[in-house]
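Work through the following exercises with the structure open beside you, and try each task before you read its solution.

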Amino acid sequence: STTGNATDFGDLPTRRNRSACESNGTRAIHGGGTTHDGSSESDVNNIEYITIANTGNATDFGDLTVARERLSAASNGSRIVFVGGLANNNYDTMDYVTGDTTGNATDFGDLLTVLSNHGATGTGTGDRAIVFGGNPSSGYHNVIQYFAVSTTGNSADFGDLLGTDSYASACCNATKAQFVGGYRGGGTGDINIIQEVTMATLG
C-alpha cells in the first residue's frame with residue numbers, strides 16, 4: 001500500500017533460481033528450481049512456505065511430484081498448482097498442494113504439451129488459471145491454455161498470443177490476465193509488449 005525500497009524478509013533454505021511461487025492470501029508457497037554447487041547445477045523438488053504477514057525464513061512444506069526448474073504456478077486462493085517445467089526433459093506435469101496445509105504435491109493433470117519458460121496466473125477470487133506461451137520440447141509457441149484450479153484434469157486450449165512468446169511473467173485480477181514482456185522467437189528477441197485476455201471467455 002506504500003512505495004519504497006525492499007526490506008529484508010528472510011531466507012530460503014538454499015539458494016536457487018528458475019523456481020515458481022504463488023499465494024493463498026496468507027502464505028507464499030515456493031517450489032522447484034535449480035540449486036548451484038560450484039560449477040554444477042541440480043534441479044530440486046522442494047516446496048517451502050512463508051507466512052506473508054510475518055518476517056522470517058521459509059519453512060519446509062513438502063515435495064513436488066517431479067524435480068524441475070523453469071516452471072510456473074497458479075492459485076485460486078486455496079489450491080496452488082505448479083505447472084510444467086524442465087529437468088532432463090521438459091514436462092507437461094501439473095501437480096498441486098492445498099495452501100493452508102503442508103504435505104507433498106499430488107498429480108493434477110497434464111498440459112497440452114511439454115512446456116517450460118511459460119507464465120501462469122490464477123484469479124485468486126475465481127477458479128480459472130491461464131498458462132501463456134513458453135517453450136515446448138523445441139522452439140517456441142503462441143498457445144494459451146487454461147484449467148479449473150478446484151478440479152483435477154488436463155489443460156485445454158484458450159486461444160493464441162500475438163507471437164511465439166516465452167520467458168515472461170503473468171498476473172491478473174478477477175477479470176483480466178496479463179502476460180508481460182518476455183522473449184519472442186523467430187529472431188525478434190526481447191519484447192516490452194503487455195498482452196491480455198479476459199479470463200472468463202476464450203480467445
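**Exercise 1. Aromatic pairs**

Task: State how many aromatic pairs the structure holds, and decide whether the pair of Tyr140 and Tyr183 is stacked, tilted or edge-to-face.

Solution: In this predicted model, the structure holds seven aromatic pairs. For Tyr140 and Tyr183, begin with the distance, since rings pair if their centres lie within 6.5 Å; here the ring centres are 5.5 Å apart. Next take the angle between the planes, which is 35°, so the pair is tilted. Finally, place the two residues along the chain: Tyr140 is in the loop between β13 and β14 (143-148), Tyr183 is in strand β18 (residues 176-184), and the pair thus links distant parts of the chain, 43 residues apart.

**Exercise 2. A second partner for Tyr183**

Task: Find out how Tyr167 and Tyr183 are arranged, and where Tyr167 lies.

Solution: The centres of the two rings are 6.5 Å apart and the angle between the planes is 85°, which makes the pair of Tyr167 and Tyr183 edge-to-face. Tyr167 lies in the loop between β16 (165-166) and β17 (169-172), whereas Tyr183 is in strand β18, so this pair ties together parts that are 16 residues apart in sequence. As for accessibility, partly exposed residues fall between 20% and 50% relative accessible area. Tyr167 has 45% and counts as partly exposed, Tyr183 is partly exposed with 27%, and Tyr140 is partly exposed with 35%.

**Exercise 3. Charges over rings**

Task: Which rings have the charged end of Arg27 or Arg79 over them?

Solution: Start with Arg27, whose charged end sits over the ring of Tyr49, 3.9 Å from the ring centre. Then turn to Arg79, which lies over the face of Tyr96 at 3.9 Å from the centre of that ring. Tyr96 also forms one aromatic cluster with Phe108 and Phe147.

**Exercise 4. The nonpolar cores**

Task: Describe the largest nonpolar core and the strands that contribute to it, and then locate Phe147 among its contacts.

Solution: The largest nonpolar core has 13 residues, and those with the most contacts inside it include Val81, Met94, Phe108 and Phe147. Two or more residues of this core are given by each of β9 (79-86), β10 (90-98), β11 (106-115) and β13 (128-132), and the largest share, three residues, comes from β11. Leaving aside neighbours within four places in sequence, Phe147 is in contact with several residues, including Val83, Asp127, Val131 and Ser155. Apart from this core lies another one, of twelve residues, among them Ile29, Tyr49, Leu64 and Val97.

Note on methods. Residues numbered from 1 in each chain as written. Predicted model: local features only at pLDDT ≥ 70, side-chain atom pairs only at ≥ 80, totals over all residues. Heavy atoms only, no water. Core = buried A, V, L, I, M, F, W, Y, C linked by side-chain atoms within 4.5 Å. Buried < 20%, exposed > 50% of the residue type's maximum accessible area, 1.4 Å probe, protein only. Helix = DSSP H or I, 4+ residues; strand = E, 2+ residues; numbered from the N terminus. Contact = heavy atoms within 4.5 Å. Phe/Tyr/Trp six-rings, centres within 6.5 Å; stacked < 30°, edge-to-face > 60°. Lys NZ or Arg CZ within 6 Å of the ring centre and 35° of its normal.
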